[in-house]
Structure formats: structure tokens, C-alpha cells
Amino acid sequence: MIRKLTLSLLLSACLALSVLAQNKIEFREFKLDNGLHVILHQDNTTPIVATTVLYHVGSKNENPERTGFAHFFEHLMFEGSENIPRGKFFEIVESAGGTLNAGTSQDYTVYYEILPSNQLELALYLESERMLHAKVDQTGVDTQREVIKQEMKQVMDEQPYGSFQREMPVRLYPNHPYNWPIIGSAEHLDNAKLEEFMDFYAMYYVPNNATLSIAGDIDYEETERMIRKYFSEIPAGEKAPYRPNIEIEKLKAQKVDVVYDNIQLPAIFQGYLMPKKNHPDTYALNLLSTYLLSGKSSLMYKELVDKQQKALQAVAFPNDLEDGGMFLVLAIANMGVDIDELNVAIDEVLSTVKQNGIDEKDLQKLINIKETQLVNGFGSVANIAQSLAQGHVFYGSADYVNSQLDKFRKVTAEDIKRVANQYLNKDSRVVLKYLPKPTDATE
């Protein structure tokens, strides 16, 4: 059995290396006079193209008295523009055979369209309209306020355990803008005046705060011509975007709290502070999370769910962020299992890794998993476009898409043991005990 496993790992590694060697992401870059950074990747295998615009603005860039603006704009930017009728973005793209969406994080907001390649110009027109003169007016603001309030209710209050998005950051990041949820505060949005939204748009939705990344069935010269046609005349922003320069304070003692929620089964959430996104230790922490919980064969699942049967479900994942991320471990208790007992069981599993580390066979398996994930990502032009943009913004080079795997390969078994001890520290973590609301509790 061991021989078969070793052979399987070896074959898997060779296959991944072969595929990666054939799929190095080639790209071209240029910058417009207004500061817009452009990245192009040509892939003519299928007649589709993905257009991504990444704005370097997330929830951490907000005024603490006006949280939720970045996420609010993710919605507001679909309202239309001076030349696009209100609410027609989706209809225009879908009628051309495409899809579109957007997303907001603590660090950035991204918009994308995936269209037949003969519709690339349409995507560029739409994104230039969004950047030049989106409809930031009272009608759009009032409409999206109500939409987002409903989303807040669904995500934070009605979704089981969903409030952790509010409860964990506020404790783990005592002095940093990461301490409020991305979705923000309904009260802050209600109190904001139209001029405040217009100021936010003028500061962040400008070419010198944006990266345009296009991947797919394109001609480099023709694509550059169209980009210059639609984006060159957009003026650069006049104000430098606000970037919080705040070193995150590490907790000096463990913080344990009880959260009552609309749930049936108790759960434990453990939160640990991670280093900045571009720190070398993030790769070891990423592999550690895979080792702990990446399916039914992972250490924590086998121990807590299969063997001890103390948990129905367990998850571990790192959320790497520009100023310092969060390593989250959570487990939902099995029927009749005391929540403190479950917390101790999690700690015992973590202690095993801290004391014993992992062996070379397990390390190679983890790297193989990561190789497979990256190779699969290369199969999507949308993923490539977004990866190129994020590489440029957060790692200083779009070529990060090609060097990322090498950074994982450099992780040693000793590195994983070291980061487990260094970062998964009881003395500076947050533990949330999620319990069902008492039956007599009132809203």
C-alpha cells in the first residue's frame, strides 16, 4: 500500500510539473498616461475573452464612520452611466452571450465580463463608462441601500454562523480597519450623504487606482488600440487614494467570547493573526491549512469527525490580506458534545502538528494538491486575468502567476512546524463559542 501511494504521488507530481511547464502564462503590459496599468494574455484556443478591472480599494480604505462603502460601490457601479440606462449592465452583457459579476474584499474591488471574443470592445466600453461617469446619484444610492440592507440580514443574521464575519474581525484586529465586516454598517450607509459617495468614487474609481487585465482570444495590437480608444481620455484622479498605514496590534492574551446565534448545533471558531499577504510564511500557512483540513483524509477531519466523532464538520483556511490575514479554524459540534470539550480536541490536534510536524511524504502530497489547484486555475481565462491583476497590485509583478508555485515548492516540513508554533498561538488568538439562542430570547 505504501509503495502504491508513493508511486501515485510521484506520478501526480510529474504530471503537474509537465502541465505547468506547458502552461507558463505569457503576457504583455503597458501603462497609459493617466496611470491605468494594463495586462494582456493571449489564448486563442477558445473564442472567449475575460475582461477584469481591479480597483485597489476595499473595506480597509473606508472611514470608520462610513463602513460598507467599498461593498456598496460593488452594487452601485451596476446602476448605469451617462450613456448606459439604469440597471442595464447585466442585460447588455447577457444579450451578447456573456456573463459578468463583481466582488469586494478588505483590499480590493473587482469587476469582470466573460464574453465571446468578438465582443471584447463591448466589455471595454462598459468598463470605461463605469470608470468615467458611473451613475452616482440619489436614485441609485437609495435603491442600493435597500438591496444591501436585505443582503446584510441574509448574510449576517439569517445565515447560520454568518455573524462570525462581524464577530471575529472586531476582536482579532483591535486597531486596524480590518476589524469591521466587508458588508459594513446599515447605520453608516443610512447616515451618508450623496456627496460622500461621490467623493469616494472620485478618489478610488480612477485609472491610476485601477488595473485592467484581459485574457483570452485576443490580438495584442488590436486590443491595445481599443484600450487606448476607450480609456486614454479618462482623467487621472486628483487625490491620492487613502491607504491606512497601521501596524496590526497582536493580542497580548487569548480572547474568548460566547456568541448566541440562530443555530441548532454549537460551534467553535478559532482565529489567529497571519503575516502580510506577501510574507514568505503565508505559503507554509496555506499548506498547513490543507494538511489540517482539505477533505476527509486530512488530519483534523479524521481525528475530530471520524475517530472521536466530536464534530460533524470542521474547516481550516487562511485568509491572506494585504496588511495581515486571518487563519481560521472552526468545527461544528456533534450532538451532545460539550463545546469546551470540542475546543480542547481541536487544540490537541494542533499541538500534535506543533510538536511532531509533518513528514516528507505528507509535504509532497500537499505540494501536489497545490500544483493541481494552480494548474486547474490555468484552465480559466477569467482566473488568469484576475491572477495577473492581483499579482501586479499585491506582489509587485504580474509574473507572480508564474512564480507562485515555486514559492510553495520551497516550503519545508520544518517551515510548516515552525509556522504552526509561531502563528497558531493560544496567547494571541480569538475563540468564539457559538451557542443556540435560548428559546425565550427576543430579537
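How are H2 and H5 oriented relative to each other? In this predicted model, H2 and H5 are roughly perpendicular to each other, and the views below begin with that pair before turning to another helix pair, a single residue and the whole chain.

**View 1. The crossing of helix H2 (residues 69-76) with helix H5 (residues 138-158).** The axes of H2 and H5 come within 10 Å and cross at roughly 115 degrees, and because angles of 65 to 115 degrees count as roughly perpendicular, the two helices are described in that way. H2 passes H5 in a right-handed crossing. On the H2 side the contact is made by His 71, Phe 72, His 75 and Leu 76, while H5 contributes Gly 140, Val 141, Gln 144, Arg 145, Val 147, Ile 148 and Glu 151. Sorted by character, the residues of this contact between H2 and H5 comprise five nonpolar, four polar and two charged.

**View 2. The packing of helix H4 (residues 120-133) with helix H9 (residues 220-231).** Here the axes of H4 and H9 come within 9 Å and cross at roughly 30 degrees, which makes H4 roughly parallel to H9. The crossing of H4 and H9 is right-handed. From H4, the residues Leu 120, Glu 121, Leu 124, Tyr 125, Glu 127, Ser 128 and Met 131 meet Thr 223, Met 226, Ile 227, Lys 229, Tyr 230 and Phe 231 of H9. The residues of this contact between H4 and H9 fall into eight nonpolar, two polar and three charged.

**View 3. The surroundings of Asn 343 in helix H12 (residues 339-356).** Asn 343 has a relative accessible area of 11%, and because buried means under 20% relative accessible area, Asn 343 is classed as buried. Leaving aside residues up to four places away in sequence, Asn 343 touches Ile 268, Gln 270, Arg 429 and Val 431.

**View 4. The protein chain as the setting for these close-ups.** The secondary structure of the protein chain comprises 16 helices and eleven strands. With a radius of gyration of 23 Å, close to the 22 Å that the globule rule gives for 443 residues, the protein chain is as compact as a globular protein of that length. Taken along the principal axes, the C-alpha atoms of the chain fill a box of roughly 60 × 60 × 40 Å. Of the 443 residues, 53% count as buried, and among contacts in the chain with a separation of 6 or more, 81% are between residues 24 or more positions apart.

Notes: Residues numbered from 1 in each chain as written. Predicted model: local features only at pLDDT ≥ 70, side-chain atom pairs only at ≥ 80, totals over all residues. Heavy atoms only, no water. Axes fitted to C-alpha atoms, helices over the stretch in contact; angles between N-to-C directions. Helix = DSSP H or I, 4+ residues; strand = E, 2+ residues; numbered from the N terminus. Parallel < 35°, antiparallel > 145°, perpendicular 65-115°, else oblique. Left-handed = near helix turned anticlockwise from the far one by under 90°. Contact = heavy atoms within 4.5 Å. Nonpolar A, V, L, I, M, F, W, Y, C, P; charged D, E, K, R; others polar. Rg over C-alpha atoms; globule rule 2.2 N^0.38 Å. Buried < 20%, exposed > 50% of the residue type's maximum accessible area, 1.4 Å probe, protein only.
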